[in-house]
Amino acid sequence: MNKHEYKILEHENMQLRTQIFYLNSILDKIEDWLEGESTLKCNPDTEPMAFGRITCADFLLEQIKKWESEDE
């Protein structure tokens with residue numbers, strides 16, 4: 001491999017790393033938001049929409065943790 005090819009690969013590697021860091025930061029923000037949603041309190045009988053949001057946030061957090069543990 002010559003220097004030019006190496007520099008191209010190095011540049012592609014840096015672009016991929018930047019994308020990974022960006023996507024990881026988005027995932028962190030999503031998890032933070034979902035955790036905030038799941039800590040809300042409401043009465044399911046009088047606030048069904050809020051209860052649905054909380055339930056959805058709880059299930060999505062569980063699913064994300066499941067997916068993350070599958071990769072280990």
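**Note on a two-helix predicted model**

1. Helix α1 (residues 3–38) supplies the largest share of the negative patch, namely three residues. The patch itself lies on the surface and brings together Asp 28, Asp 32, Glu 35 and Glu 68. The coordinates under review are those of a predicted model, and the remarks below should be read accordingly.

2. Glu 35 is one of the patch members and is found in helix α1. Its relative accessible area is 37%, so it is classed as partly exposed, the range between the 20% limit for buried and the 50% limit for exposed residues. Across the structure, Leu 60 is separated from Glu 35 by 25 residues in sequence, while their C-alpha atoms are 9.9 Å apart in space. Leu 60 belongs to helix α2 and is likewise assigned to the partly exposed class, with a relative accessible area of 35%.

3. As regards secondary structure, the protein contains two helices and zero strands. Its overall form departs from that of a compact globule: for 72 residues such a globule would have a radius of gyration near 11 Å, whereas the protein has 20 Å. Along the principal axes, the C-alpha atoms fill a box of roughly 70 × 20 × 15 Å.

4. Burial should be considered alongside these dimensions. Of the 72 residues in the protein, buried residues make up 10%. The exposed area of the protein is about 6400 Å², and 60% of that area is supplied by carbon and sulfur atoms.

5. The charge distribution merits a separate comment. The protein carries 8 positive and 16 negative charges, and the mean positions of the two sets are 8 Å apart. Side chains of opposite charge can pair when their charged atoms come close. In this structure, one salt bridge is present.

6. The partners in that salt bridge are the side chains of Glu 37 and Arg 53, with an N to O distance of 2.8 Å. The pair connects distant parts of the chain, since Glu 37 is in helix α1 and Arg 53 is in helix α2 (residues 48–70), with the two positions 16 residues apart in numbering. The partners also fall into separate accessibility classes: Glu 37 counts as buried because its relative accessibility is 9%, whereas Arg 53 is partly exposed at 47%.

7. Which residues make the nonpolar surface patch of about 370 Å²? The contributors are Met 1, Tyr 6 and Leu 9. Of these, Met 1 is located in the segment before α1. Met 1 is exposed, as its relative accessible area is 72%.

8. Further pairs of positions are useful for placing the helices in relation to one another. Lys 65, found in helix α2, has its C-alpha atom 9.7 Å from that of Glu 31, although the two residues are 34 apart along the chain. Lys 65 is partly exposed, with a relative accessible area of 47%.

9. Is Ile 64 buried or exposed? Ile 64, in helix α2, is buried, since its relative accessible area is 8% and the class requires a value under 20%. The C-alpha atom of Ile 64 is 12 Å from that of Asp 32, and the two residues are 32 apart along the chain. Asp 32 is itself among the residues of the negative patch.

10. In summary, the predicted model comprises two helices without strands. A salt bridge between Glu 37 and Arg 53 joins helix α1 to helix α2. The surface bears a negative patch that includes Glu 35 and Glu 68, together with a nonpolar patch that includes Met 1 and Tyr 6.

Definitions and conventions: Residues numbered from 1 in each chain as written. Predicted model: local features only at pLDDT ≥ 70, side-chain atom pairs only at ≥ 80, totals over all residues. Heavy atoms only, no water. Patch = residues over 30% accessible without salt bridge, like charges linked within 9 Å, V, L, I, M, F, W, Y side chains within 5 Å. Areas by Shrake-Rupley, 256 points an atom, 1.4 Å probe, with all protein chains shown as cover. Salt bridge = Lys/Arg side-chain N within 4 Å of Asp/Glu carboxyl O. Lys, Arg positive; Asp, Glu negative; His and termini not counted. Charge placed at Lys NZ, Arg CZ, Asp CG, Glu CD. Helix = DSSP H or I, 4+ residues; strand = E, 2+ residues; numbered from the N terminus. Buried < 20%, exposed > 50% of the residue type's maximum accessible area, 1.4 Å probe, protein only. Rg over C-alpha atoms; globule rule 2.2 N^0.38 Å.
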